[in-house]
Amino acid sequence: MRTRWFVLLTVVVVAAIGALVYIDETARSDAALGDLGERQAELASVASALISLAPEHARASLSERQHRGSIILIANRAGGFTTLAGAQLAVPEVVAARALGTRVVRLGPAEAAALGLPERTAMVGLAPTDDGGAVAVATSAEQQRDRDRAGRRRVVLSMLLAAAVMTTFALVVWRKQQSEASLAKGLAVAETARSRDAELDRLYRAATMAALGSGVAHELSTPLGVIVGRTEQVLARVAGDERSVKNLRVILDQAEHINQVVRGLLGLARGAPIALQTVEVRSLVREAAALVEHRFVRADVALVPAISSSLPEIRCEPLLFKHALINLLLNACEASPPRTTVRVDVHADAAEITFVVTDEGEGITPQEAARAIEPFFTTKPAGTGLGLAIANEIAKTHRGTLDLSQRVPRGTRACIRIPLEPNGQA
Ligand SMILES: Nc1ncnc2c1ncn2[C@@H]1O[C@H](COP(=O)(O)OP(=O)(O)OP(=O)(O)O)[C@@H](O)[C@H]1O
Ligand SMILES: [Mg+2]
C-alpha cells in the first residue's frame, strides 16, 4: 500500500519538475527569439548607417554583406519594402511596425514565407535611415526554434524516463514486499500447523501411554495374583527348609512390589490422587539403589549415593517415587561405559528438594534432552521410551519436574525437583 503512494508521489513530483523545466525552457526560447530580433535590429542599424554614408553604393555593399539566411529590405516611397534585388514585398506586419517605430517584429510562418524565408517563425529588426526611410533585416528563427524544440523534447523524454525508472523501481520493491509478506504468511501458517501437529502428537502419545499403562497393569494383576497364591502354597509346604522359605519370601516381596507399582500406575493412568507418606530421603534412595545394584555390578559401573544426613523428610508415594529414581538410575547405568561412576546427589533448600543422578557416559544432545520425557522417545534398539515418561508423570503427581541435561565435561545429569511444604516436607 505504502509503495503505491510512493509511485503516485514519484509520478506527481516528476511531472511537476517536468512542467517547471518545460515552462522554463519555453521562457528561455522566447528570450532567445528576442535576442535574435535584437541582433537583426542591430544589423538593420548598421545597414541604415551604410545607406546614410554612401547611398549610391549602399545596395551593392549591402548585397555583399547580406547575412547568410538574412534578408535586407529597404522601405520604398509607397510605404512598402523592396529587397536589395528590387523585388516588391507586401508584408503588412513590417509596414505597421515601421509606422509605429517598433524595433523588432516577430513574423508567423505565412509572413515569413511571403519574404521568401522558410515557412517558420522569423524575426525582423528595423532601423530608420537619415533620409526618412527605413531598413529591415529579417531572418528565420528556424534553427533557434528547432534547437528549442529538441531541448524541450529532451526534457520531456528524460522526465518520462525518470518516471519510468522510479515506477519500475517502486514496482520491483512492491513485488518483493508482496512476495516477502506472502512468504512470511506461509511460514506463519506452516509454523502454526507444525506446533498443532506437535501438540496433537504429544496428546496422542500421552493418551496412548495412559491406555497402554492401564492395559498392561490390568493384564499383570491376574498373573501376579497367581504367582502370589502359588508361592504362598509352596511356602506352607517347605516350612522346615529355611533357605527355600527365604527365597520364597523374596519372591513374595518382589511380587508385592510389582503389585504396588501396578496399582500406582493404574492410579496414574486414571489420574487418581496418590497416598502420600512421610519418608526419610536416605532410605528411599538406598532402597531404590538396592533394587538396581545387580545391574550396576553386571555393567561394571560404580553406584555412589552421596546423601547428607541433614536432609528433611519428604511427603511422597514411596513406591512410585522409588520407581522414578530407578528409571533414572537404569538409564544412567545403560549410558555408562565400564569402570565409570554414577552418582546420586540429593540436596535441599527452603523451597525444594533435588535428586540428581549423574553419569560419565556419552552425554545427551539438547534435542534429545528436550524429547527424552516424551512417551516412546528412545534411542536404544530395545528401549520402550516409557521409562522417563513414567518418571516425569510421577514427578508431576508430586508437583515436581524432571529434566535432563548435558554434563561438562561429559555425561548426563538427570534431575527431579520436588517443592517442599513450608514445614520442610515435600
Ligand atoms: N543418562 C542418559 N544418558 C544419555 N541419554 C539418556 C540418558 N537417559 C535417558 N537418555 C535418553 O532418553 C531416551 C528416553 O529414555 P527412557 O528411559 O524414557 O527410554 P529408554 O531408556 O530408551 O527405554 P526404556 O526405559 O524402556 O529402557 C533414551 O533412549 C536416551 O536417548
Ligand atoms: Mg530408560
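An oxygen atom of ligand 1 sits 2.4 Å from an N or O atom in the side chain of Thr379. That is a handy place to start reading this predicted model, and the protein around the ligand offers a few other contacts of this kind. The side chain of Thr378 has an N or O atom 2.5 Å from an oxygen atom of ligand 1. Asp359 meets a nitrogen atom instead: an N or O atom of the Asp359 side chain is 2.9 Å from a nitrogen atom of ligand 1. Taken on its own, ligand 1 has 590 Å² of accessible area, and the protein covers 88% of it.

Stepping back a little, 19 residues are found around ligand 1. The ones that come nearest are Asn331, Thr378, Thr379, Lys380 and Thr384. Two of these names, Thr378 and Thr379, have already turned up through their side-chain atoms.

Just before Thr378 in the numbering comes a stretch that holds Phe376, a residue with a couple of things to say for itself. Phe376 is placed in the loop between helix H9 (366–371) and helix H10 (387–397). Its phi is positive, about 75°, even though Phe376 is not a glycine. Most residues other than glycine have a negative phi. With a relative accessible area of 31%, Phe376 is partly exposed, because that class runs between 20% and 50%.

Phe376 also belongs to a nonpolar surface patch of about 380 Å², along with Leu212, Val216, Leu220 and Ile258. Helix H5, which spans residues 142–237, gives the patch its largest share, 3 residues. Val216 is one of the patch members and is found in helix H5. At 45% relative accessibility, Val216 counts as partly exposed, since the value falls short of the 50% that exposed residues must pass.

Two further loops are worth a look for their backbone. Arg339 lies in the loop between helix H8 (318–335) and strand S10 (341–348). Here too phi is positive, at about 60°, and Arg339 is not a glycine either. Arg339 counts as exposed, because its relative accessibility of 69% is over the 50% mark.

The other loop runs between strand S12 (401–406) and strand S13 (412–419), and Pro409 has its place there. The peptide bond leading from Val408 to Pro409 is cis, with omega near 5°. Most peptide bonds are trans.

Notes:
Residues are numbered from 1 along each chain as its sequence is written. Chains are lettered from A and ligands numbered from 1 in the order in which they are written. This is a predicted model: local features need pLDDT of at least 70, side-chain atom pairs count only at pLDDT 80 or more; totals for chains, interfaces and linings use all residues. Side-chain values use heavy atoms; hydrogens and water are left out. Patches are made of residues with over 30% relative accessible area and no salt bridge: like charges are joined within 9 Å, nonpolar side chains (Val, Leu, Ile, Met, Phe, Trp, Tyr) within 5 Å. Accessible areas come from the Shrake-Rupley method with a 1.4 Å probe; for residues, only the protein chains shown count as cover. A salt bridge is a side-chain nitrogen of Lys or Arg within 4 Å of a carboxyl oxygen of Asp or Glu. Helices (H or I, at least four residues) and strands (E, at least two) are DSSP runs, numbered from the N terminus. Buried means under 20% relative accessible area, exposed over 50%, partly exposed in between (1.4 Å probe, protein chains only). A residue is near a molecule or strand if one of its heavy atoms lies within 4 Å of it. A polar contact is a pair of N or O atoms within 3.5 Å; within protein, one must be able to donate a hydrogen and the other to accept it, and residues adjacent in sequence count only if both atoms are side-chain atoms.
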